[in-house]
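Hello,

Here is the structure I promised to pass on to you. Please open it beside this email, and then read the notes below with it in view.

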Amino acid sequence: MAARVIVIGAGPAGVRAAEALVEAGVRPLVIDEGRRDGGQIYRRQPEGFRRTYAALYGTEAARAERLHHRFDALRPHIDYLPETLVWNIREGVVHLANAHGASHARFDALIVCTGATDRLMPVPGWQYAGTYSLGGAQVALKSQGCAIGERTVMLGTGPLLYLLAAQYVKAGMTPAAVLDTSPARARLRALPQLLVKPAVLLKGAALLRTLRAAGVPIHRGVTPVRIDGDDELGVRGVHVRLADGTALDVPANAVAMGFHLRPETQIADLAGCAFAFDDAAGQWLPEIDEDGRSSVSGVYLAGDGARVRGADAAERAGRLAALAALRDAGVEPKHDDAARLRAELARFSRFAAGLRAAFPWPAHQARQLPDTTVVCRCEGITAGELRRVCTQDGAVEANRAKAFSRVGMGRCQGRFCAHAGAEVMAAALAVPLADVGRLRGQAPVKPLAVALDPAPYADVTVATQDNAASTTPRSMELS
């Protein structure tokens, strides 16, 4: 049976999906926004940089190195398009854009491994220059080898908060403070679920030891009050209330903030996948079966882009989705370890539930935001404006609020503001969060260059020995 298989993303899930396909004799097209493979957590440093794996990835160094070496081994057996944006999907076609122009590629099976982004809660003053997401600060460290400021505060909650702080320490840039909104008692309540992955807990303990040895102040159960600064000079400090109610001011010229992660679901949305509200996560997630099949035939979702369970789980989910694609195409995989992968993913799902309990999303903070707080940084929409369109203009659903106020209509397409904006709306309307709905994905999912050459807007063709520089898909026999 001839089929063309495309994998979107070259992080942990995408690499393992490609690996499973290659094992079965399939040559997939792997499309990645990144300059090099690895995704966010295992993002590779640029060519010519010489930092060691231990310095760059800390406790994840061994896994990062294995994944990078595996992708290097796969390169002769896949077609690879780095620095390429998938900006739309329609009727079995992915639409692409990169420095060479626009193109499209048809698929029979699509494995979407788009990863996750920071889940953000606005704080008064977070619009000042020098405020980054945790992920953005991590990109600066891994890709450019630099910190976002001379004195950086890590603000938010979740494992990434501590991982990034420890990575800064290892890079010789000690954070000014780690300010965690989660109370210490939440860790104790979540311990039974977290114990299903004791090795991961030990890694977390190692991160804390690194921070304490470096003398980094760590405060748990804090309530963010404001980020001090001004439009000209940017961030000047962070003001919070500690768990005992006392005020704390931390001088800083940069803030990295994030409140756990959210799946990057725009591609799944454009592919027509069904979504359902997950009460435990407090967000809309694409519907998938245990192997990653979506509601759309031929479209598979894997890794943190479907369910945030971490890099180890993403590797397993990527392989599992590829095995499902092979079986659905009538091919029996040579190494079908799906049963083991499902059992391991079940444990990771329990662990992820424990992390949500240990590092809860601070929904209550959205209800308490002053009206002057900017919620949508792209369009400058405040909490007061969003509340007004709900209570006075009749916007009772997220997309209506977007139409009335432009919230979520900017460069990030709601990635930064949608979750907190929905919380503000639900509180203003006095309705359950699920009733607010979700912002629908729109193409292009990210900004495109206006001057993209439309002339080569044709199906990407297969690489040949006479055209070795071309990295493009082909029709493949799944055998």
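**What was found**

In this predicted model, the span from residue 4 to residue 318 is 30% helix and 29% strand, and its end C-alpha atoms lie 17 Å apart. An unreviewed UniProt entry annotates residues 4-318 as "domain: FAD/NAD(P)-binding".

A further annotation from an unreviewed UniProt entry, "domain: BFD-like [2Fe-2S]-binding", covers residues 374-426. Over residues 374-426 the chain is 49% helix and 9% strand, with 17 Å between the end C-alpha atoms.

Turning to the interior, the largest nonpolar core has 46 residues, and the members that touch the most others in it are V153, L179 and M257. The element that gives the most to this core is helix α14, residues 418-429, which supplies 5 residues. Leaving aside residues up to four places away in sequence, L179 has contacts that include V153, M154, L155, G156 and L161, and L179 also touches H219, V222, V238, V240 and L248. There is also a second, separate core, which has 44 residues, among them A64, L67, I111 and C113.

One loop residue may be worth finding on your screen: T181 sits between β12 (177-180) and α6 (184-194). Is T181 buried or exposed? T181 counts as buried because its relative accessibility is 11%, and the cut-off for buried is under 20%. Again leaving aside residues up to four places away in sequence, T181 touches G156, T157, G221, V222, P224 and F259, as well as P362 and Q365.

Best wishes

Technical notes:
Residues numbered from 1 in each chain as written. Predicted model: local features only at pLDDT ≥ 70, side-chain atom pairs only at ≥ 80, totals over all residues. Heavy atoms only, no water. UniProt positions renumbered as here; feature names shortened; annotations may be inferred. Helix = DSSP H or I, 4+ residues; strand = E, 2+ residues; numbered from the N terminus. Buried < 20%, exposed > 50% of the residue type's maximum accessible area, 1.4 Å probe, protein only. Contact = heavy atoms within 4.5 Å. Core = buried A, V, L, I, M, F, W, Y, C linked by side-chain atoms within 4.5 Å.
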